[in-house]
Every structure is written in C-alpha cells, then in structure tokens.
Amino acid sequence: MDLIIRDAVGDDVQALASLMGELGYPATPELLQHKLQLFAAGGHDQVLVAQAQGRGCGVISLHVLDLFHAPGRLGRITSLVVSRAVRRRGVGSRLRAAADQHFREQGCVRAEVTSGDHRSEAHAFYEQCGYRCDERRFAKVDAERLD
C-alpha cells in the first residue's frame, strides 16, 4: 500500500470524524476543525494523517508536556485510529513511528498511551511496539465534580 504520513489539515475533518466514529467517539467535523486550530496555535500538539490513494485511512493525535518531577518531557498518544478497511497493513505502525519521531524531536524521555480495557487488540499492538502496562490511571469525568 502506498502510504503518506502528513500533518492533518482542515480539509481532513470529514475523514477524521469518520475515523473517530470507528473508534466509538462521535466527534463532529466542527469540533475537529476547532481542535486542529487549537493544536496548531499551542505548539505542543500534533495530529498526523495516514493517507492512501488520496484518502485519509488513519489518524494519530499527540500531546507533549513537560515533566515536573524529572528532566525531559512526556509524549502522549491521545488517539490512534486506523480504518477497518486497512487494518493489519502497517498503517498503525507507521503512524506510531511518526509519533516516536515527533516525541524525540520534542525532547521526550517517556511516551505513553491510554487504551480502554475492552480494546485487547490495541493492547497487543502497543505491546508489540514496546509499550508496557505500568501504572493505573484515575479519571474524573463529571465536570461538576472538578471544582
């Protein structure tokens, strides 16, 4: 498969919305357009698209933040989706390799990804890429309780 990995642009939002829907996150093109603009302005986030035959077939979003307790930075994969039509053909591996390159360029000393307990295939993929389950994450999702 002839594959190009490139920065996401505004014209990609329909394809990105479709991909996020495959992952179970019904993000609208409007939301994704807004996020692309925010990420571009911030300088620490990046969204990459895998494109084959002129169509977006995968996406990875990345965030970099400074570690407080140690030297260096943390790179975080905040989403990775490959279209069902092209899974198991190296698209995810190419996106993940591009993420690693971005993290190195940003001075990251650690990379992490979170993945829902029900995504066993994703867990196997990340383990093949050298990620190990090493911590427990706690989350608060009710905005009213964040005060």
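**Helix H3, Met20 and the salt bridges**

In helix H3 of this predicted model, the buried residues are Val91, Gly92, Leu95, Arg96, Ala99, His102 and Phe103. They cover an arc of only 125° around the axis, which places them on the same side of H3. The general geometry of such an element accounts for the pattern: an α-helix has 3.6 residues a turn, so residues three or four places apart point the same way. On the other side of H3, Arg104 and Glu105 are exposed.

The length of H3 can be checked in a similar manner. The helix comprises 15 residues, 91–105, and at 1.5 Å a residue these should span 21 Å; the C-alpha atoms at its ends are 21 Å apart, so expectation and model agree. Just after H3, Gly107 adopts a positive phi of about 80°.

One member of the buried side, Arg96, also takes part in a salt bridge. Its partner is Asp100, and the closest N and O atoms of the pair are 2.5 Å apart. Because Arg96 and Asp100 are four residues apart in helix H3, about one helical turn separates them. Arg96 has a relative accessible area of 14%, and it therefore counts as buried, the limit being under 20%.

The structure holds six salt bridges in total. Another of them joins the side chains of Arg87 and Glu22, at 3.7 Å from N to O. This pair links distant parts of the chain: Arg87 belongs to the loop between strand E4 (73–82) and H3, whereas Glu22 lies in helix H1, 65 residues apart from it. With a relative accessible area of 38%, Arg87 is partly exposed. Salt bridges that share partners join Glu22, Arg84 and Arg87 into one network.

A further salt bridge brings together the side chains of Arg73 and Asp66, at 3.2 Å from N to O. The two partners stand in unlike surroundings: Arg73 counts as buried at 15% relative accessibility, while Asp66 is exposed, its relative accessible area being 53%.

Helix H1 (residues 13–23) also contains Met20. Met20 is buried, with a relative accessible area of 14%. Leaving aside residues up to four places away in sequence, Met20 touches Tyr25, Ala27, Leu32, Val59, Ser79 and Val81. One of these contacts, that with Ser79, spans a long stretch of sequence: Met20 and Ser79 are 59 residues apart along the chain, yet their C-alpha atoms are 8.6 Å apart in space.

Definitions and conventions. Residues numbered from 1 in each chain as written. Predicted model: local features only at pLDDT ≥ 70, side-chain atom pairs only at ≥ 80, totals over all residues. Heavy atoms only, no water. Helix = DSSP H or I, 4+ residues; strand = E, 2+ residues; numbered from the N terminus. Expected span 1.5 Å × (residues − 1). Buried < 20%, exposed > 50% of the residue type's maximum accessible area, 1.4 Å probe, protein only. Arc of directions from axis to C-beta. Contact = heavy atoms within 4.5 Å. Salt bridge = Lys/Arg side-chain N within 4 Å of Asp/Glu carboxyl O.
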